[in-house]
Structures are given as structure tokens and as C-alpha cells.
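Trainee: Could you take me slowly through the salt bridges of this structure, with a close look at one pair and its surroundings?

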Amino acid sequence: MSNGQPSSDERITAPVALIDTGSVHKEIEPGIALCLSGGGYRAMVFHVGALWRLNELGYLPKLVRISSVSGGSITAALLGLNWSKLDFNSQDIGQDFVRQVVKPIRRLAGKTIDRGSIIGGLLTPGSIADKVAKAYRKHLFDKHTLQHIPDKPRFVINATNVQSGALWRFMKPYMRDYRVGEVKRPDIELAVAVAASSAFPPFLSPVELELNEADFTDNTGTDLQHAPFTTDVILTDGGVYDNLGLETAFKRYETILTSDAGGKMPPEEEPKTDWARHSFRVLSVIDNQVRSLRKRQLIASYINNERKGAYWGIRTNIAKYDLADALEAPHEKTIELANIATRLKRLKSRHQEQLINWGYAVCDAAMRKHVDSSLPKPSGFPYPDVGVG
């Protein structure tokens with residue numbers, strides 16, 4: 001890095017596309033950004049554990065940006081909606097975190113919404129994505145919009161624009177695709193934004209936005225600011241473009257905290273050869289490799305002092321942090337949690353508690369090892385009776 005500008009080497013190795021998107025922010029700024037990955041309910045609940053520990057450490061008010069995709073966006077959007085109710089004390093600890101964040105997420109995690117949405121979308125009026133948004137509206141967000149989340153930290157809910165192939169960002173001050181343009185102060189419902197961010201293809205995708213071309217700010221798109229790109233927007237899961245939610249954070253801030261609950265493609269001894277299932281398998285290989293590359297390059301940016309911060313993942317072996325007082329989390333047990341399917345399917349109460357405990361434990365280890373060694377050790381798991389398995 002030189003004067004905050006990416007070097008030619010960094011342009012090749014950075015885990016995000018360092019292309020000119022018209023942003024006025026050209027230099028890396030001081031500030032802590034948190035990225036929450038995708039991964040269905042597994043990610044949604046795992047990230048709750050990480051946020052729980054960050055809250056205890058007084059780090060939530062230190063965040064300037066929370067960037068999320070897919071399952072991570074469910075948790076992030078609820079955190080944003082209830083931010084003003086967290087009741088931060090003089091130590092920057094949200095005293096009402098459990099009631100405002102943990103309990104609502106756990107209630108949703110106890111309900112299956114993907115299967116019913118698929119069946120309803122096939123058999124009744126309205127799309128599958130409409131049914132998913134309806135479920136989010138019912139269980140978490142009501143009819144609140146992006147205008148109901150705080151100005152700080154900046155919450156960025158990421159989806160993928162199928163038409164332009166670029167990232168579509170939902171935020172309070174604007175939503176934008178750098179090729180299509182920008183709509184200021186969007187009144188999009190949080191339920192719809194999260195449904196777009198978590199529209200796992202092929203079953204829950206796409207989400208379609210009907211917009212007014214006049215709502216776009218003039219000359220904010222590079223080459224696609226015209227109909228139908230500005231009037232009929234087709235969105236899919238944010239993880240298709242960036243499963244770690246890095247894009248809007250890495251380009252701007254010097255400290256990046258990354259919570260990764262993404263899945264891992266299992267091997268297949270006899271891959272299917274029919275065109276549909278074979279195509280799905282090939283796309284899974286591409287997705288797995290791109291996600292792995294972003295992760296490796298992110299960690300390389302820490303090692304090379306291009307960024308500060310820490311990465312923790314649901315597949316991390318906590319023993320590798322080499323902390324004598326890390327919470328007990330045997331790798332064989334946490335891998336069982338990591339292998340929970342990427343779905344919006346009901347999780348047993350015990351699995352919810354174990355996932356929260358694991359997110360809490362691995363976040364704690366990463367923060368104390370790589371961010372601030374003076375941080376206090378935890379007194380125990382949020383749910384001590386179940387551990388991680």
C-alpha cells in the first residue's frame with residue numbers, strides 16, 4: 001500500500017475487484033468494518049454468536065460498516081432495525097442484545113420457510129421470492145424499510161444483479177449498481193432487500209424489483225442507466241458475486257473483521273451426467289473455487305499488512321489460534337455444525353445453541369489473537385450446557 005492507493009501487485013491479488021465504480025472514496029480510511037457471509041440459517045445463527053461476543057467486547061459501536069450477504073443479511077438487517085433498542089452502556093455494551101437480536105433470530109430459526117415458499121410460489125399467485133419476503137416480513141421485519149436502519153454504522157445488504165453481473169447494494173442513503181446507477185433514500189422494505197440478498201439459486205431466485213427510471217440520480221451509472229436495467233431489476237443471492245460480503249468493506253476500510261459460515265462443496269464419487277444436475281455440480285465447483293480464492297487472498301492481505309483485522313470461519317480449527325484459554329471447541333464437533341445444510345430450514349434448539357456457542361468462541365479467539373491481545377477472556381459459552389456438541 002502507498003498513500004492508501006492499491007499497488008499494481010495488490011490489484012492482482014486483492015480479494016475484491018478494485019475497479020473504478022465511480023466512488024468518491026479513493027483512499028483506504030481508518031475504521032472497522034464487519035463482513036457477514038452467506039450460508040442460510042447456519043450462517044444466520046453462527047453470526048449471532050460472533051455478534052454476541054463482539055458486543056461483550058464493546059466492539060459493536062466501533063463498527064463503521066456492516067456488510068452482509070445471504071444468510072448473514074438476515075442477522076445484519078435485524079441488528080440494524082433494532083440498533084437503537086440495544087441500550088449501549090458506558091462500556092459500549094448493548095445491554096438488551098439478547099432480547100433484540102438473539103431471541104428473534106432464534107424464533108425464525110425454529111421455522112422452515114424455504115420449502116413452503118417454493119411450494120407456494122409454484123402453486124399460488126406470486127413468486128417464490130415473494131413468499132420468502134412475506135415470511136421475513138411476518139417473523140422479523142414487519143413493513144420496515146431501509147429508512148428504519150441507522151446512519152451509523154452503515155449497513156450494506158448485498159445482492160447480485162443478474163442483468164449487469166455486478167453487485168447491487170441496499171443501504172439507507174442509496175441503493176446502487178455501479179453500471180446501472182443510484183437511487184437515493186430508497187423505501188425498499190427490509191424483507192425484500194434481505195429476500196434478494198438470500199435468494200439462493202436456483203430455488204429461491206430471483207427477486208424482481210419494479211422501479212421508476214426517474215428515481216435514479218442522473219449520470220450515476222457507467223453504461224447501463226437505461227430501461228429495462230433501471231425499471232425491471234432482476235436480483236439473486238449476494239453470495240453469487242461475493243460470499244464473504246467483502247466488496248464494499250475491503251475497498252474502503254483498513255480494518256476488516258470477517259465472519260464466515262459458508263458451506264463447502266462435498267466430493268461426489270459419481271457425479272450426475274444429465275444436463276440439469278451436471279450443470280448444477282459444475283456451477284458449485286466454480287462457486288467453491290471463487291469463495292476459496294477470496295478467503296485465501298483476504299488472509300494474505302492480513303499477513304502482508306495490507307489490512308488489519310481478523311478472519312474466523314465455521315470450519316476453523318480453534319486450536320490453531322494457539323490460545324491456552326480459548327473456549328473448548330473440538331474440531332470434529334464444530335465440523336459437524338459446519339456441515340448443516342445451507343437452507344432456510346428449521347434448526348433444532350440444541351443446534352441453534354451450539355452454533356451460537358461456536359460463533360461466539362471462534363470470534364473470541366480470533367479477536368484476542370489477531371486484533372487485541374489485552375481483550376478479556378470469556379467466562380464461558382452463552383449456552384454452557386450444550387457447548388459445541
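Mentor: What follows is a walk through the salt bridges, beginning with one pair. Please keep in mind that this is a predicted model, in which local features need pLDDT of at least 70 and side-chain atom pairs count only at pLDDT 80 or more, while totals for chains, interfaces and linings use all residues. Residues are numbered from 1 along each chain as its sequence is written, and side-chain values use heavy atoms, with hydrogens and water left out.

Side chains of opposite charge can pair when their charged atoms come close. The structure holds 16 salt bridges, a salt bridge being a side-chain nitrogen of Lys or Arg within 4 Å of a carboxyl oxygen of Asp or Glu. In one of them Arg53 pairs with Asp364, and their closest N and O atoms are 3.0 Å apart. This pair links distant parts of the chain, 311 residues apart, since Arg53 belongs to helix H2 (residues 40–56) and Asp364 to helix H11 (residues 349–371); helices here are DSSP runs of H or I with at least four residues, numbered from the N terminus.

Arg53 is buried, with a relative accessible area of 4%, and Asp364 is buried as well, at 0%, where buried means under 20% relative accessible area (1.4 Å probe, protein chains only).

Turning to other pairs, Arg176 and Glu182 meet at 3.4 Å, N to O, and both are buried. Lys251 and Glu247 have their closest N and O atoms 2.9 Å apart, and both of these residues are buried too. Finally, salt bridges that share partners join Arg53, Glu56, Asp325, Asp364 and Arg368 into one network.

Note on methods
Helices (H or I, at least four residues) and strands (E, at least two) are DSSP runs, numbered from the N terminus. Buried means under 20% relative accessible area, exposed over 50%, partly exposed in between (1.4 Å probe, protein chains only).
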